[in-house]
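Hi everyone, and thanks for coming. I'd like to walk you through a structure that is new to most of us, so please have a look at the screen.

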Protein chains: 2
Amino acid sequence: MKNPIADLNKIFDSRIRLGVMSILVVNDEIGFNDLKQMLELTDGNLASHLNTLEQAEFIKVHKGFIGRKTSTTYSITALGKQAFKAHLDALEKMIRKL
Amino acid sequence: MKNPIADLNKIFDSRIRLGVMSILVVNDEIGFNDLKQMLELTDGNLASHLNTLEQAEFIKVHKGFIGRKTSTTYSITALGKQAFKAHLDALEKMIRKL
DNA sequence: AAAAGTGCTTTGTTTTTCAAAGTTAACCAA
DNA sequence: TTGGTTAACTTTGAAAAACAAAGCACTTTT
């Protein structure tokens, strides 16, 4: 029998990164503070997970302004979409051996 | 908006414990070495994850014999089945906001 | 008697997670 | 202009988790 967990992506072992991605799949763009509130995280914790996702090129950062206030938003990349889908497929395959 | 990751079970953050449970859902009983080979783990690593699942009362251990050789097998408990299902439901709800 | 297998436990290292505090830069109010 | 606030981090350090390797008790096989 084949190892059922081998195709899971290590980056998505984290519930937080999983949550970020699941939000980004349905939101074209989302702000730092929105994510922080949705996932109930501290600044540092969120920032570091976002950094991990950015390093992997699964998300992209947009630094801009709302009026003249700084505003950072995040969006998913094509690679991110693909990796996330692959992970969900692997999860599903693992479970639906039923 | 509600925190989408709040309902995920921390015990199932681990890919290995996720793998064990997904195997136990479809196999009434499975041996230590079978699990070890399927998941490609060292003895110690598998044993400690099994221990975590046992502490949570998500799995049950059966110590017995095959012929005269010792043989330890594991099975899922009702609580384990329920918790695993709840986790999968939470995962699905998180993703299918689509 | 020696080697090998089963199922652990122990030990110790590495990795990951996280909160808290500090930081930089821009805004606004008095 | 001084002081307070918000945004978005970075740094620090501690705690937790993951893991491999080795040891162990017991038994079977050679």
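I'll talk about how the chains meet, and then stop at a few single residues.

First, some housekeeping. This is a predicted model, in which local features need pLDDT of at least 70 and side-chain atom pairs count only at pLDDT 80 or more, while totals for chains, interfaces and linings use all residues. Residues are numbered from 1 along each chain as its sequence is written, chains are lettered from A and ligands numbered from 1 in the order in which they are written, and side-chain values use heavy atoms, with hydrogens and water left out.

Let's start with symmetry. A turn of 180° and a shift of 0.0 Å along the axis lay chain A on chain B with an RMSD of 0.0 Å; the superposition is by least squares on the C-alpha atoms of residues with pLDDT of at least 70 in both copies. The two copies are thus related as by a two-fold rotation axis. Within chain A, A:Asp13 has the C-alpha nearest that axis, at 3.1 Å.

How many residues of each chain are in contact with the other? In chain A there are 28, and they touch 28 of chain B, where contact means heavy atoms within 4.5 Å. The copies meet through the same surface, because 100% of the interface residues of chain A are also interface residues in chain B.

Now, the size of an interface is often given as the accessible area lost when the parts come together. Here the area buried between chain A and chain B is about 2500 Å², with carbon and sulfur atoms giving 66% of that. Buried area is the accessible area, taken with a 1.4 Å probe, that two parts lose on being put together, summed over both. On the chain A side, the residues that lose the most area to chain B are A:Ile5, A:Arg15 and A:Met38, together 27% of what that side buries.

There are also two salt bridges between chain A and chain B, a salt bridge being a side-chain nitrogen of Lys or Arg within 4 Å of a carboxyl oxygen of Asp or Glu. One of them joins B:Arg15 to A:Asp13, with the closest N and O atoms 2.7 Å apart.

Which helix supplies the largest share of the chain A side? That is helix 1 of chain A, with eight residues. Helices here are DSSP runs of H or I, at least four residues long, and strands are runs of E, at least two, numbered from the N terminus.

Helix 1 of chain A is also the place of A:Ser22. Is this residue buried or exposed? A:Ser22 counts as buried, because its relative accessibility is 2%; buried means under 20% relative accessible area, exposed over 50%, and partly exposed in between, with a 1.4 Å probe and protein chains only. Leaving aside neighbours within four places in sequence, A:Ser22 is in contact with A:Phe84, B:Met94 and B:Lys97.

Over in helix 4 of chain A we find A:His87, which is buried at a relative accessible area of 4%. Beyond its neighbours within four places in sequence, A:His87 is in contact with A:Leu8, A:Asn9, A:Phe12 and A:Leu18.

Finally, two glutamates in loops. A:Glu57 is found between helix 3 (43-55) and strand 2 (59-66) of chain A, and its phi is near 60°, a positive value in a residue other than glycine. A:Glu57 counts as exposed, at 54% relative accessibility. B:Glu40 sits in the loop between helix 2 (32-39) and helix 3 (43-55) of chain B, has a phi near 55°, and is exposed, with a relative accessible area of 60%.
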